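The following note sets out several points for a colleague who is reading this structure closely. Please keep the sequence and the structure in view while working through them.

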Amino acid sequence: MAQLLTKKMIREVFVQMLSERPLHKITVTDVVTACKINRNTFYYYYADLYGIISEIFQTELQKVIDDYYDTNSWEESLLQALKFAIENKKAVYHIYNSIQKEKLEKYLFDVSGNAMKRYVEKIMINLDIRASHTDINIIILFYQYALTEMLINWVSSGMSMEQENIIRRCGQLFNGNIERSLRKSVELNNNW
């Protein structure tokens, strides 16, 4: 139990520091001093500061995977995934403007893909649509890339827009398009 609390404390202190200053201005010494632990304790849990960032993204992605079935749409799943980013805007912005930018972009790509894959699967099961696997992957990738780029632009602009409203509006604007695309796949494959 004490180990979990120590690890959680390290992570929280690091995120707080990242909310106050860029990643390149944070050192392991800063974190251990603020946590009042020794360096060996830090290195017991993490190889370096980047390990904390990797863990944050892995943990947040796993939450989305675990919680997806409690939501009704890809929008809700995506908003759950963005909860950490919304609550820690400055920290995420500092990660985006660091050498860890690729990890953030990969996280956004993975979250978008997970949300779309599960949503497409849910539509296919609920409506008994038997689209081709190739077309299913094309549909998922199309929306995954679109959502990822939208999210990257949001982060790069300092997350000043009201992203929740934009995501919900996208869901309203494109409502039914995925179902139509899946049905079109069946139609096109039947005409071959």
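1. Ring cluster. Phe42, Tyr43 and Tyr46 are linked into a cluster by ring pairs. The model in which this cluster appears is a predicted one. In total, the count of aromatic pairs comes to six. One of them joins phenylalanine 42 and tyrosine 46: the centres are 5.9 Å apart, the planes meet at 45°, and the pair is tilted. Phenylalanine 42 and tyrosine 46 are both buried.

2. A stacked pair. A pair of aromatic rings is described by the distance of the centres and the angle of the planes. The rings of phenylalanine 57 and tyrosine 107 have centres 5.0 Å apart and planes at 20°, so this pair is stacked; the angle falls under the limit of 30 degrees that stacking requires. Phenylalanine 57 belongs to helix H4 (residues 49-67) and tyrosine 107 to helix H8, so the pair ties together parts that are 50 residues apart in sequence. Phenylalanine 57 counts as buried because its relative accessibility is 7%, and tyrosine 107 counts as buried because its value is 6%.

3. The annotated region. A UniProt record, an unreviewed entry, lists residues 27-46 as "DNA-binding region". In the model this span is 75% helix and 0% strand, and the C-alpha atoms at its two ends lie 13 Å apart.

4. Lysine 36. In the loop between helix H2 (28-35) and helix H3 (39-45) one finds lysine 36. Its phi is near 60°, a positive value in a residue other than glycine. Most residues other than glycine have a negative phi. Is lysine 36 buried or exposed? Lysine 36 is exposed, because its relative accessible area is 76% and the limit for this class is over 50%.

5. Aspartate 128. A positive phi, near 50°, is also found at aspartate 128, a residue other than glycine. Aspartate 128 sits in the loop between H8 and helix H9 (133-156). With 51% relative accessibility, aspartate 128 counts as exposed.

6. The cavity. Rolling a probe the size of a water molecule over the atoms shows where empty space is left. The structure holds one cavity of 30 Å³ or more, and the volume of the largest cavity is about 40 Å³. Its lining consists of Phe57, Ala81, Phe84, Ala85, Val92, Leu104, Tyr107, Leu108 and Val155. Helix H6 (83-87) and helix H8 (101-127) are the elements that give two or more residues to this lining. H8 gives the most, with three residues. What is the character of the residues in the lining of the largest cavity: nonpolar, polar or charged? The lining has nine nonpolar residues, no polar ones and no charged ones.

7. The largest pocket. A volume of about 300 Å³ belongs to the largest pocket. Thirteen residues line this pocket, and the closest to its centre are Arg11, Glu60, Lys63, Phe84 and Glu87. Helix H1 (2-20), H4 and H6 each supply at least two residues of the lining. By character, the lining of the largest pocket divides into three nonpolar, two polar and eight charged residues.

8. The second largest pocket. About 200 Å³ of space lies in the second largest pocket. Among the residues that line it are Pro22, Leu23, His24, Asp48, Tyr50, Tyr93 and His94. H4 and helix H7 (89-96) are the elements that give two or more residues to this lining. Here the division is seven nonpolar, four polar and one charged.

9. Asparagine 114. Helix H8 also contains asparagine 114. Asparagine 114 counts as buried because its relative accessibility is 14%, where the class requires a value under 20%. Which residues does asparagine 114 touch, not counting those up to four places away in sequence? The residues touched are Val64 and Ile65.

10. Glutamate 76. Valine 64 and glutamate 76 are twelve residues apart along the chain, and their C-alpha atoms are separated by 9.8 Å. Glutamate 76 is found in helix H5 (residues 74-81). Its relative accessible area is 27%, so glutamate 76 is partly exposed.

Key:
Residues are numbered from 1 along each chain as its sequence is written. This is a predicted model: local features need pLDDT of at least 70, side-chain atom pairs count only at pLDDT 80 or more; totals for chains, interfaces and linings use all residues. Side-chain values use heavy atoms; hydrogens and water are left out. UniProt positions are given in the numbering used here, feature names are shortened, and annotations may be inferred rather than shown by experiment. Helices (H or I, at least four residues) and strands (E, at least two) are DSSP runs, numbered from the N terminus. On a 1 Å grid over the protein atoms alone, a cavity is a set of points where a 1.4 Å probe fits but cannot get out, and a pocket is an open set with protein on both sides within 12 Å along at least five of seven lines; lining residues have an atom within 4 Å of a point. Grid points are joined across faces, edges and corners, and a volume is the space filled by probe spheres set on the points. Ala, Val, Leu, Ile, Met, Phe, Trp, Tyr, Cys and Pro count as nonpolar, Asp, Glu, Lys and Arg as charged, and the others, Gly among them, as polar. Rings of Phe, Tyr and Trp (its six-membered ring) pair if their centres lie within 6.5 Å; planes under 30 degrees apart count as stacked, over 60 as edge-to-face and the rest as tilted. Buried means under 20% relative accessible area, exposed over 50%, partly exposed in between (1.4 Å probe, protein chains only). Contact means heavy atoms within 4.5 Å.
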